Amino acid sequence: SDPFFGDFFTSYQTIPRAVASQSVKVNVKPLPGIQPASYSGVVGNLTLKAVLNTDTVNVNDPVNFKITIAGNGNLKVAATPALKLSSDIEVFDPKVTDDVKNGLNGTSGQKSFEFLLIPRHHGDFTIPPVTYSYFNVSAGRYEKLTTEEFHFHARKGNEQNTAGITVYG
């Protein structure tokens with residue numbers, strides 16, 4: 001019982017009703033042409049941004065590489081961008097976060113992919129430009145977004161770091 005209103009709001013009766021609406025016909029058009037290899041599955045209007053957290057680390061220390069896709073469209077289905085890195089860099093599955101909201105004008109927001117990269121040898125490393133394609137509805141064509149190229153240096157670490165053992169907590 002509610003101490004202020006007693007049983008006033010707790011007494012109710014469920015009455016089943018059959019409700020019907022007119023059917024709605026939806027005409028879904030296929031995407032035109034040949035999809036690019038880097039097609040993400042997104043239909044909308046996007047921007048692409050990438051950030052590398054540092055330009056120098058010790059061997060076996062992590063580097064964070066974050067790619068953020070933002071705009072309007074079906075961002076929930078956005079595929080993970082493909083990285084083409086040296087075999088001397090160990091890449092872990094990205095931490096994926098999204099901040100997507102549905103509104104009167106459709107779905108908008110952003111989706112981020114944060115990759116943990118660990119250089120296993122010393123030297124200079126390059127992260128080549130990442131390409132990401134989507135279908136732009138307003139333009140009626142596939143569009144390709146590209147990040148800039150990133151560089152970082154892995155210096156020889158102390159004896160502990162060069163043992164090849166990495167511990168995650």
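**Exercise 1. Pairing of the strands**

In which sense do β1 and β3 pair, and over how many bridges? Work this out, then follow β3 and β6 to their other partners.

*Solution.* The model is a predicted one, in which local features need pLDDT of at least 70 and side-chain atom pairs count only at pLDDT 80 or more, while totals for chains, interfaces and linings use all residues. Residues are numbered from 1 along each chain as its sequence is written, and side-chain values use heavy atoms, with hydrogens and water left out.

Step 1. Begin with the inventory: the protein has zero helices and ten strands, where helices (H or I, at least four residues) and strands (E, at least two) are DSSP runs numbered from the N terminus.

Step 2. β1 and β3 pair in the antiparallel sense over nine bridges, pairing being assigned if DSSP finds at least two bridges between two strands. Within this pair, V51 has K66 in β3 as its bridge partner.

Step 3. β3 is also joined to β6 by ten bridges, and these two strands run antiparallel; here I69 stands opposite K111 in β6.

Step 4. β6 (residues 106–119) is in turn joined to β5 (residues 95–103) by nine bridges, again in an antiparallel run, with V96 opposite F113 in β6. The connection from β5 to β6 is a hairpin through two residues.

**Exercise 2. The open sheet**

Determine the strand order of the open sheet that contains β10, and explain what is particular about its edges.

*Solution.* Step 1. Three strands form this open sheet, in the order β2-β10-β7, and the pairing is mixed.

Step 2. β2 (56–58) and β7 (123–127) stand at the edges with a single partner strand each, so one side of each is left without a neighbour in the sheet.

Step 3. From one strand to the next the twist averages 30°, an angle between N-to-C directions on a scale from 0 to 180 degrees, with axes fitted as lines to C-alpha atoms.

Step 4. β2 pairs with β10 (residues 150–155) in the parallel sense over three bridges, and N58 stands opposite R155 in β10.

**Exercise 3. Two asparagines in loops**

Is N60 buried or exposed? Compare the description of its setting with that of N74.

*Solution.* Step 1. N60 lies in the loop between β2 and β3 and, at 8% relative accessibility, counts as buried; buried means under 20% relative accessible area, exposed over 50%, and partly exposed in between (1.4 Å probe, protein chains only).

Step 2. The backbone of N60 deserves attention, for its phi is positive, about 75°, although N60 is not a glycine. Most residues other than glycine have a negative phi.

Step 3. N74 is placed in the loop between β3 (63–73) and β4 (89–91) and is partly exposed, with a relative accessible area of 32%.

Step 4. Residues up to four places away in sequence being left out, N74 touches G41, V42 and V43, where a contact means heavy atoms within 4.5 Å. The C-alpha atoms of N74 and V42 are 5.6 Å apart in space, although the two residues are 32 apart in sequence.

Step 5. A polar atom of the N74 side chain lies 2.6 Å from the backbone nitrogen of V43.

**Exercise 4. S133 and E143**

Describe the surroundings of S133, then those of E143, with which S133 is in contact.

*Solution.* Step 1. S133 is placed in strand β8 and counts as buried, at 1% relative accessibility.

Step 2. The side chains of S133 and S38 are joined by a polar contact of 2.6 Å, a polar contact being a pair of N or O atoms within 3.5 Å of which, within protein, one must be able to donate a hydrogen and the other to accept it, and residues adjacent in sequence count only if both atoms are side-chain atoms.

Step 3. Apart from neighbours within four places in sequence, S133 is in contact with P36, S38, Y39, S40, E143 and K144.

Step 4. E143 itself belongs to strand β9 (residues 141–146), and its contacts beyond four places in sequence are Y132, S133, Y134 and N136. The side chain of E143 also makes a polar contact with the side chain of R141 (3.4 Å).

Step 5. E143 and Y39 are 104 residues apart in sequence, with 8.9 Å between their C-alpha atoms.
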